[in-house]
Structure formats: C-alpha cells, structure tokens
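Q: Please take a close look at the interior of this protein for me. I would like to know which parts build it and what is found around its edges.

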Amino acid sequence: MTKRKVLIPIDPSEHSHRALHWYVENVRRPDDHIILFHSVELPALPVIAMGSGGAYQTEEWRQMIDEQLKNVDKLKHTLESWVKEENVSAEFYASDRSSNTGENVVEVAKEKDVQLIVIGSRGMGKIRRTILGSVSDYVLHHAKIPVLVIPPAPEHPQH
C-alpha cells in the first residue's frame with residue numbers, strides 16, 4: 001500500500017496548530033506523509049505616484065516582504081523541530097501563487113496528489129463568514145478530496 005499524503009494548511013494561528021495536533025493524535029496512520037502548507041501573503045506593492053517619494057515606498061515594501069519571509073522561515077523551523085520530535089514523516093511547503101488562501105490550498109492539494117486535507121476552523125459566525133469568507137469553507141466546497149475540518153477548542157471545556 002502506498003503512503004497516504006495529507007495536506008495540513010498551517011500558519012502561526014492556534015487553529016491551524018490545533019488541526020495538526022488533532023490529526024496526529026486521532027487520525028494519523030504510521031505510513032502517512034504530511035505536507036505542511038503555508039500560503040504566503042505578500043504585501044501589495046503600493047501605488048507609486050511620480051515625484052511622491054516612490055523609492056521610499058518601494059524600499060518599505062521590500063522590507064515588509066523580507067519580514068514576511070523571515071516569519072515563514074521561523075514557522076518552518078518550528079514545525080520541522082516538532083515533526084522531528086513527534087517522529088512524523090512531513091515536508092514544509094510554502095507558496096504565494098494567489099492572494100486567496102483557499103484557492104492555494106485546493107491547488108496545492110491537486111499538485112501534490114494528496115488524499116486528505118485537514119484544516120482548522122476559526123469558528124466565525126454565519127454572518128461574518130459570509131462577509132469575510134472562510135478558508136475552511138472554501139476548501140470544503142472546492143476540493144475534490146475528503147476534507148476534515150477541526151473546529152476551535154471550546155471556550156469553556158466541560159469536565
């Protein structure tokens with residue numbers, strides 16, 4: 001039997017880390033291979049007006065990109081350490097192909113030929129989710145493979 005590939009979208013949020021831990025504790029098979037995917041959100045290039053200090057804006061934009069890339073590297077190293085401790089077969093993959101994180105997740109799932117997506121949910125209300133959109137909602141409705149959505153932790157766990 002071939003290894004099952006599982007895509008877990010990851011960012012610094014507690015929701016994505018909860019999904020990763022829940023997967024490892026409840027669903028992981030010994031031969032699974034996890035793809036920890038981070039959708040990089042690069043800052044938009046500011047509109048530069050002629051004679052309005054465009055060089056400064058471009059430099060500021062470059063610094064914002066450098067900072068974002070440092071954050072991605074930090075996330076990668078944190079996850080690589082955790083994966084090693086947990087003895088999990090995994091790889092880290094980051095991409096900035098689209099500004100829509102949900103689209104990125106679905107595309108990477110196709111590209112990497114994964115069999116399951118495990119994604120955390122922030123637990124937004126219906127109205128807020130409708131207005132802002134939800135990455136997990138987008139993935140659930142556009143992926144052509146099974147999607148496991150891990151809800152946020154209860155605010156007041158019952159004993």
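A: The answer below starts with the overall layout, goes on to the cores, and ends with some polar and exposed sites.

The model is a predicted one. The protein has five helices and five strands. Read from the N terminus, these elements follow the order β-α-β-α-β-α-β-α-α-β. Of the 159 residues, 35% count as buried. Contacts between residues at least 6 apart in sequence are a way to look at how the chain comes together, and 73% of them join residues at least 24 apart.

The largest nonpolar core has 20 residues. Inside this core, Ile8, Leu20, Leu36 and Val118 have the most contacts. Five elements, β1 (5-9), α1, β2, α2 (54-86) and β4, each give two or more residues to this core. The largest share comes from α2, with five residues.

Leu36 shows what the surroundings of one of these core residues look like. Apart from its neighbours within four places in sequence, Leu36 is in contact with Ile8, Ile10, Leu20, Leu79, Val83, Ala90, Glu91, Phe92 and Tyr93. Two of these partners, Ile8 and Leu20, are also on the list of residues with the most contacts inside the largest core.

Helix α1 is one of the contributors to this core. It covers residues 14-26, which is 13 residues. From its first C-alpha to its last it reaches 18 Å, close to the 18 Å expected at 1.5 Å a residue. Its buried residues are His15, Ser16, Ala19, Leu20, Tyr23 and Val24. The spacing of such a list can be read with a general rule: an α-helix has 3.6 residues a turn, so residues three or four places apart point the same way. In α1, His15 and Ala19 are both buried, and so are Ser16 and Leu20.

A second core is separate from the largest one and has 14 residues, including Tyr93, Val106, Ile117 and Val139. Ile117 is worth following in detail. It lies in strand β4 (residues 116-120). Ile117 is buried because its relative accessible area is 0%, and the cut-off for buried is under 20%. Leu7 is 110 residues away from Ile117 along the chain, yet the C-alpha atoms of the two are separated by 4.8 Å. Leaving aside neighbours within four places in sequence, Ile117 is in contact with Leu7, Pro9, Val105, Ala109, Val139, Ala143, Ile145, Pro146, Val147 and Leu148. Strand β4 gives two or more residues to the largest core as well, while Ile117 belongs to the second.

Tyr93, another member of the second core, has a charged residue over its ring. Lys112 lies over the face of Tyr93, at 4.3 Å from the ring centre. As for pairs of aromatic rings, the structure holds one.

Buried residues need not be nonpolar, and two serines show this. Ser39 is in strand β2 (residues 33-39) and counts as buried because its relative accessibility is 8%. Its side chain is joined to that of Asn104 by a polar contact of 2.5 Å. Beyond its neighbours within four places in sequence, Ser39 is in contact with Ser95, Thr101 and Asn104. Ser136 belongs to helix α5 (residues 135-142) and is buried, with a relative accessible area of 9%. The side chains of Ser136 and Ser134 make a polar contact at 3.2 Å. Further along the sequence, outside the window of four places, Ser136 is in contact with Ile119, Gly120, Ser121 and Val149.

Asp137 is found in helix α5 too. Unlike the buried Ser136, Asp137 is partly exposed, with a relative accessible area of 32%. Asp137 and Ile119 are 18 residues apart in sequence, and their C-alpha atoms are 9.9 Å apart in space.

Two loop residues complete the picture. As a general rule, most residues other than glycine have a negative phi. Asn87 has a positive phi, near 55°. It sits in the loop between α2 and β3 (90-95) and counts as exposed because its relative accessibility is 68%, where the cut-off for exposed is over 50%. Asp113 also has a positive phi, about 55°, although it is not a glycine. The loop that holds Asp113 runs between α3 (101-111) and β4.

Notes
Residues are numbered from 1 along each chain as its sequence is written. This is a predicted model: local features need pLDDT of at least 70, side-chain atom pairs count only at pLDDT 80 or more; totals for chains, interfaces and linings use all residues. Side-chain values use heavy atoms; hydrogens and water are left out. Rings of Phe, Tyr and Trp (its six-membered ring) pair if their centres lie within 6.5 Å; planes under 30 degrees apart count as stacked, over 60 as edge-to-face and the rest as tilted. A charge sits over a ring if NZ of Lys or CZ of Arg is within 6 Å of the ring centre and within 35 degrees of the ring normal. Helices (H or I, at least four residues) and strands (E, at least two) are DSSP runs, numbered from the N terminus. Buried means under 20% relative accessible area, exposed over 50%, partly exposed in between (1.4 Å probe, protein chains only). A polar contact is a pair of N or O atoms within 3.5 Å; within protein, one must be able to donate a hydrogen and the other to accept it, and residues adjacent in sequence count only if both atoms are side-chain atoms. Contact means heavy atoms within 4.5 Å. The expected span of a helix is 1.5 Å times one less than its number of residues. A nonpolar core is a set of buried Ala, Val, Leu, Ile, Met, Phe, Trp, Tyr and Cys residues joined through side-chain atoms within 4.5 Å.
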